[in-house]
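Please open the model in a viewer and keep the sequence panel visible. The tour below proceeds from the whole chain to single residues and then to the pockets.

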Amino acid sequence: MSSSEALLCAGLVRRYGHRTALDGVDLRVERGETVVLTGANGAGKTTLLRVLATVLRPTSGRVVVEGHALPAAARAARPLVGYAGHEPLVYPALTARENLDLYAALFGVEPDAVPRALDRVGLAPRGTDRVSEFSRGMLQRLSLARATLHRPQVLLLDEPSSGLDAGGSALLDELLAETGRTVVIATHDPERFDAAARRLLIDAGRVSG
């Protein structure tokens, strides 16, 4: 892995029992690069992001995130990655503020960052409401706040525009416009994102493009 690479996969395989979700994925992503990953349902997009986010362990092959080989160095890699997937990864019984407070404590983020994060995603007026009361779009906003609260070097987004209204879409565009961050987006709507981004196709567990 060169010093300019943020992410590296070489021969990555991930199986669920007898089913192979990733079948020898080779991928290199440079620091500061944005990659848009497309493919049909079940092609392996979500599984790939979850492996890179250290949520899933690779079955075999080489995976390196910001110089840290997975799964052995997953603990070191995890603070460098922000992940927003299909599930918001928040506790419904807690308020929005309590969820971000918990996440801030986990990653050593100053508490003052939490109200700023809520304000940034337009949830400051709902910060003391339980997450169980939130709409799909509000959960997506909170998920983006959680994924970026610790200012990760790598941002992994799985269908990030799903459920967002016009204001939420504008917020997403602002996050993606921030320079210096490496971004990988899995989406069925690649035209929604920057045409300058590198586009890759994942099909039957393999990446091409």
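Select the whole chain first: of its 209 residues, 51% count as buried, where buried means under 20% relative accessible area, exposed over 50%, and partly exposed in between, with a 1.4 Å probe and protein chains only. The model is predicted, and local features need pLDDT of at least 70, side-chain atom pairs count only at pLDDT 80 or more, and totals for chains, interfaces and linings use all residues. Residues are numbered from 1 along each chain as its sequence is written, and side-chain values use heavy atoms, with hydrogens and water left out.

**The whole chain**

With the full chain still selected, display the accessible surface: about 9,800 Å² is exposed, and carbon and sulfur atoms supply 50% of it. These areas come from the Shrake-Rupley method with a 1.4 Å probe; for residues, only the protein chains shown count as cover.

Reduce the display to C-alpha atoms, which fill a box of roughly 45 × 35 × 35 Å along the principal axes. The radius of gyration of the chain is 17 Å, in agreement with the value near 17 Å that a compact globule of 209 residues would have. That radius is taken over C-alpha atoms, and the globule rule is 2.2 Å times the number of residues to the power 0.38.

Now switch to a cartoon, in which six helices and 10 strands can be located. These are DSSP runs numbered from the N terminus: helices are H or I with at least four residues, and strands are E with at least two. Among contacts between residues at least 6 apart in sequence, 68% join residues at least 24 apart; a contact means heavy atoms within 4.5 Å.

**Two buried leucines**

Select Leu156 in strand β7, residues 154-158. The relative accessible area of Leu156 is 0%, so the residue is buried. Add Tyr83 to the selection: Leu156 and Tyr83 are 73 residues apart in sequence, yet 4.8 Å apart from C-alpha to C-alpha. Which residues does Leu156 touch, not counting those up to four places away in sequence? They are Leu7, Leu49, Leu52, Ala53, Val81, Gly82, Tyr83, Ala84 and Val184.

Move next to Leu144, in helix α5. Leu144 counts as buried because its relative accessibility is 2%. With residues up to four places away in sequence set aside, Leu144 touches Ala84, Leu157, Leu164, Leu171, Leu172 and Leu175. A distance to display here is that from Leu144 to Ala113, whose C-alpha atoms are separated by 14 Å, with the two positions 31 residues apart along the chain.

**Backbone features in loops**

Select Leu70 and Pro71, which are joined by a cis peptide bond with omega of about 5°. Pro71 is found in the loop between β5 (68-70) and α2 (74-77).

Thr54 follows, in the loop between α1 (45-52) and β4 (60-65). Thr54 is not a glycine, but has a positive phi of about 70°. Is Thr54 buried or exposed? Thr54 counts as buried, at 14% relative accessibility.

Then select Ala204, in the loop between β9 (198-203) and β10 (206-208). Phi of Ala204 is also positive, near 50°. At 57% relative accessibility, Ala204 counts as exposed.

**The two pockets**

Finish with the pockets, for which a 1 Å grid is laid over the protein atoms alone: a pocket is an open set of points where a 1.4 Å probe fits, with protein on both sides within 12 Å along at least five of seven lines, and lining residues have an atom within 4 Å of a point. Grid points are joined across faces, edges and corners, and a volume is the space filled by probe spheres set on the points.

The largest pocket holds about 410 Å³ of space. Of its 18 lining residues, select Leu89, Tyr103, Leu106, Phe107 and Arg146, the closest to its centre. The elements giving two or more residues to this lining are β6 (81-84) and α3 (96-107), and α3 gives the most, with five residues. By class, this lining has 12 nonpolar, three polar and three charged residues. Nonpolar covers Ala, Val, Leu, Ile, Met, Phe, Trp, Tyr, Cys and Pro; charged covers Asp, Glu, Lys and Arg; the others, Gly among them, are polar.

The second largest pocket has a volume of about 300 Å³. Its lining comprises 17 residues, and Ala117, Arg120, Thr148, Leu149 and Arg151 lie nearest its centre. Two or more lining residues come from each of α4 (113-120) and α5 (136-148), with the largest share, four residues, from α4. The lining of the second largest pocket divides into eight nonpolar, three polar and six charged residues.
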